[in-house]
Amino acid sequence: MTLRYHSPLAQVLLISAVCFLCPGMFNALNGLGGAGQLDPHTANNANSALYATFCIFSIAGGGIVNVCGVRFTTALACLTYAVYTGSYVHYNNTGDGVPTIIAGAVLGVGAGILWTAQGVIMVSYPSEKEKGRFISIFWIIFNLGGLFGGILPFAINYYSAGSLTNSVYVLFVILECAGAATALFLVPPVCVVRDDGSHATIVQSPRSARRESLEVLRLFGNKWMLLLLPMSFTSNFFYGYQFSQYNGAIFTLRTRGFNNLLYWTSQIFGSYALSLLLDFSRWSRRKRGIYAMVIMSVSFNIVWACTLVLQLRYTKGTENTDYPGGLIDFLESSRAAGPISLYFFMGLVDAWYQNIAYWIIGTLTNDAHITARYIGFYKGVQSLGASVSWQIGAREIPYMNQLVGNWALLVVSLPTMAYTIMQVEDRALDDRLLCSFVRDNESMVAGAYGWDLSPRQFTKPRSPKYLARHVDSIV
């Protein structure tokens with residue numbers, strides 16, 4: 001890995017910093033339960049609106065990013081995070097939750113586009129042997145945002161039992177605006193050059209909006225996208241329960257902040273540990289994926305089993321909780337050790353699930369524009385699941401029913417994930433097809449794309465500027 005401005009590593013570090021400052025701060029607020037409010041009702045409704053629009057604009061996000069590029073779409077998307085967080089200042093002062101719910105819907109538009117761009121950069125820019133490492137790098141930096149965001153409310157509200165103060169929300173807004181500015185340093189995929197001289201994509205941007213719309217529609221008949229529907233729907237579904245019906249229900253406000261520190265810390269360590277396995281070069285990609293899948297599946301089921309044991313002790317949360325002894329404070333070590341440790345492991349297995357999901361998608365293609373559509377579809381279905389989850393919380397469905405539903409969805413998602421991993425080859429399908437196309441059309445490719453077709457390295461292209469002028473599309 002070489003740290004050049006146009007290298008995959010530099011671009012992954014940039015998008016990681018963007019997500020540290022924007023989605024990372026959002027996760028810190030959501031992880032407190034009710035976005036730091038004593039009454040989670042408004043936050044739950046805002047999250048439902050958020051994920052409803054998130055679903056639509058994630059599926060469309062692949063086309064939007066391909067047509068408009070990653071730089072300005074990502075920067076504008078980051079500003080929607082600041083709008084959402086700033087709406088809680090209004091809510092604190094007036095008690096009017098309508099602007100917050102509207103801001104949630106606006107954030108869904110921006111988040112759908114941002115996460116599509118992020119997926120493109122993280123999954124398609126690195127080479128085959130580096131995908132696990134790059135996913136880990138992103139996940140570690142991204143979750144440092146949640147970790148840092150958890151420290152702020154924990155410190156500021158250490159002696160407070162109420163909702164977060166305006167100063168915390170304003171500080172988050174400033175950080176999210178800084179994320180928007182950072183996004184302006186991203187470069188187009190066609191300009192990204194890997195260490196071996198290959199490019200992240202050979203397709204010129206901008207693309208035709210009509211063609212991108214057709215390509216997005218074709219995803220609904222794509223075998224792999226249909227197989228991964230359960231995984232996509234489940235991958236953020238459990239956040240509603242974990243953040244609000246668990247962390248937000250039985251812990252004091254400052255302990256929720258403390259739990260956030262542990263949750264995001266566990267994601268950092270979990271991502272790093274899994275990357276060592278996913279990039280272990282002595283094993284085939286399929287074997288690595290199988291072992292990672294087994295570890296994640298067993299661990300996640302153990303965590304849900306332990307959560308069930310704890311859930312049997314209470315039926316309602318926050319100030320009116322019937323949890324034995326009332327709300328748990330982290331200083332009450334005898335009562336807090338078990339529930340807090342369980343929340344740590346919730347974060348750990350979540351990191352494994354999310355990393356494996358991205359890794360699976362990364363095995364399907366290495367082209368940035370195709371990845372944009374795949375990631376957009378994944379995030380769209382993911383946000384649909386999250387929207388349903390947060391609305392379930394807003395409608396005050398019994399906690400036990402929510403737990404059983406979450407666990408059942410996890411179990412349903414595992415077989416198709418395992419089947420897809422069993423089909424994994426050491427090189428993405430579109431790469432193999434591209435190599436075949438190049439060999440069958442050597443004279444045309446050599447002239448149009450400027451490639452050296454020698455047996456030793458037939459895929460080394462000319463400069464990004466040359467490609468931007470002459471490359472149209474062969475996919």
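Is glutamate 332 buried, exposed or partly exposed? Keep that one in mind while we take a walk through this model, which is a predicted one.

Let's start with the overall picture. The protein's secondary structure consists of 20 helices and zero strands. Of its 475 residues, 59% count as buried. What the protein does expose adds up to about 17900 Å², with carbon and sulfur atoms supplying 66% of that area. The chain also brings distant parts of its sequence together: take the contacts between residues at least 6 apart in sequence, and 82% of them join residues at least 24 apart.

Now let's head inside. In soluble globular proteins, nonpolar side chains tend to be buried together. Here, the largest nonpolar core has 120 residues, and the members touching the most others are Phe138, Tyr246, Ile250, Met296 and Tyr358. Helix α15, which runs over residues 333–362, gives the most to this core, with 16 residues.

Phenylalanine 138 is a good place to pause. Leaving aside residues up to four places away in sequence, its contacts are Val12, Ile15, Ser16, Cys19, Trp115, Gln118 and Met122.

Next comes helix α6, covering residues 98–124. How far apart should its ends be? At 1.5 Å a residue, its 27 residues should span 39 Å, and the end C-alpha atoms are indeed 39 Å apart, so the two agree. This helix is also largely enclosed by the rest of the structure, because 20 of its 27 residues are buried.

What about the cysteines? A disulfide is a covalent bond between the sulfur atoms of two cysteines. In this model the count of disulfides comes to zero. Cysteine 22 shows how that plays out: the nearest cysteine sulfur belongs to cysteine 78 and sits 3.6 Å away, while the cut-off for a disulfide is 2.5 Å. Cysteine 22 has 0% relative accessibility, so it counts as buried. Cysteine 55 comes in at 13%, and therefore counts as buried too, since the limit is under 20%.

Finally, on to charges. Side chains of opposite charge can pair when their charged atoms come close. The model has one salt bridge by the rule used here. Its partners are glutamate 332 and arginine 335, whose closest N and O atoms are 3.2 Å apart. That brings us back to the opening question: glutamate 332 has 31% relative accessibility, so it counts as partly exposed. The reasoning is simple, because buried means under 20% and exposed means over 50%, with partly exposed in between.

Methods:
Residues numbered from 1 in each chain as written. Predicted model: local features only at pLDDT ≥ 70, side-chain atom pairs only at ≥ 80, totals over all residues. Heavy atoms only, no water. Core = buried A, V, L, I, M, F, W, Y, C linked by side-chain atoms within 4.5 Å. Buried < 20%, exposed > 50% of the residue type's maximum accessible area, 1.4 Å probe, protein only. Helix = DSSP H or I, 4+ residues; strand = E, 2+ residues; numbered from the N terminus. Contact = heavy atoms within 4.5 Å. Expected span 1.5 Å × (residues − 1). Salt bridge = Lys/Arg side-chain N within 4 Å of Asp/Glu carboxyl O. Areas by Shrake-Rupley, 256 points an atom, 1.4 Å probe, with all protein chains shown as cover.
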